[in-house]
Amino acid sequence: MNKKDIKVIFSDIDQTLYSHVTKRVPSSAINAIKEMQSKGIKFFLCSGRNFYLIRKTGILDIVHPDGLITMNGAQVIIDNEIIYSYPIPEESIDALIKFSKRLKFGLTLIEEHEGHINYIDDKVISAHEKYGTRFPQPRTFPDHYDRTIYQAIAFCDSFDESLFVPHLKKCKTARWDEFAVDIMPSDSDKSKGIMAALDHLNLEVEQCMAIGDANNDLEMLSFAGVSVAMGNGLPQVKAIADFITSDIDEDGWAKAMLKYGLISSIKH
C-alpha cells in the first residue's frame with residue numbers, strides 16, 4: 001500500500017487517539033494529523049460517543065477533523081451537516097427501558113445532541129470513572145419513549161445482558177467494560193458510517209485507513225482498505241488488523257501513519 005492510495009483516516013477516540021492514562025492526545029498524534037491534513041489527507045473521528053459527548057472531551061479543541069462518525073456509525077457529520085443517520089427502533093428502546101426497570105441497571109439513551117440516564121449505581125460510576133466521562137443528565141424514562149435514540153448503553157454485567165438481548169428486535173451489542181455495553185441497530189456499526197462518508201467524499205474503500213482498539217472497532221477494521229490495531233488493543237482486534245502498532249502512550253498512532261508513509265517523521 002503506497003501512501004498515495006490512502007486519502008482518509010478514520011480513527012477511534014478512546015484508547016486509540018485519547019489516552020486514559022495520561023488524559024490527553026499524544027503530541028505525536030496531533031502533529032501527525034496536522035501534517036496529513038496539510039497534504040490533503042482527510043481525518044475523521046469515529047466514536048461510540050455522540051457529538052455532544054465528543055465535544056465535552058475537549059478533543060475538538062486539539063484536533064480539527066474533516067468529519068465525525070458518531071454513536072458507532074449511527075450518524076455522520078461533515079461540514080456541520082448530518083449526511084447520514086440511523087436510529088434504534090422504538091420498540092427496542094421500550095423493551096430496554098422495561099428490562100432496565102426490572103433488573104435495576106442504569107440505562108443511558110443517547111439522542112443527537114444529548115443523552116439521559118435513568119439510574120446511577122456503582123456499576124455506572126465505575127465505568128464512567130475508568131473512561132473519564134461525565135454522567136449524562138438523570139431522567140425517569142416513561143414506559144414508551146417518544147424521542148429518537150441512536151445508541152443506548154446498559155450498565156450491567158454479561159448475565160443481565162443475556163437476559164434482555166433476545167428481546168431487542170434488530171439490535172446488537174458491543175461490550176466495552178465489565179459493566180457497560182453499547183446497544184445499536186443490528187445492521188449498523190462504524191463501517192456503515194464510513195461507507196456513507198466515503199460515498200459523500202467520492203472515495204473508494206481501498207483509499208481509507210481505520211485505526212482502533214476495541215470491540216466496536218471490529219467492523220470498521222474489517223471493512224477498511226487498511227486496518228491498524230493499537231498495541232494496547234484487544235486480542236480480537238489485533239487478530240484482524242493489517243498492522244499492529246505500538247501502545248497509545250508509546251506514539252502508536254503516529255507510528256502507524258509513519259509505517260504507511262503518510263507522515264515524514266514522528267514529531268513531539
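Colleague: What makes Met36 or Trp253 a contact of isoleucine 9?

Modeller: Contact means heavy atoms within 4.5 Å. Leaving aside neighbours within four places in sequence, isoleucine 9 has Met36, Ile41, Lys42, Phe43, Phe44, Met209, Ile211, Trp253, Met257 and Leu262 on its contact list. By that cut-off, Met36 and Trp253 therefore count as contacts. Mind you, this is a predicted model: local features need pLDDT of at least 70, side-chain atom pairs count only at pLDDT 80 or more, and totals for chains, interfaces and linings use all residues. Residues are numbered from 1 along each chain as its sequence is written, and side-chain values use heavy atoms, with hydrogens and water left out.

Colleague: Why is strand β12 called mostly covered?

Modeller: Buried means under 20% relative accessible area (1.4 Å probe, protein chains only). In β12, residues 208-212, five of five residues are buried, so each is under that 20%. Cys208, Ala210 and Gly212 cover one side, Met209 and Ile211 the other. Strands, by the way, are DSSP E runs of at least two residues, and helices H or I runs of at least four, numbered from the N terminus.

Colleague: How do you know that β1 and β12 pair?

Modeller: Pairing takes at least two DSSP bridges between two strands. β1 (residues 8-11) and β12 have four, in the parallel sense, so they qualify. Phenylalanine 10 stands opposite alanine 210 there.

Colleague: And why is β12, helix α7 and β13 called right-handed?

Modeller: Because, with the strands pointing away from the viewer, the path from the first strand over the helix to the second runs clockwise. The β-α-β unit of β12, α7 (residues 218-223) and β13 is assigned that hand.

Note on methods
Buried < 20%, exposed > 50% of the residue type's maximum accessible area, 1.4 Å probe, protein only.
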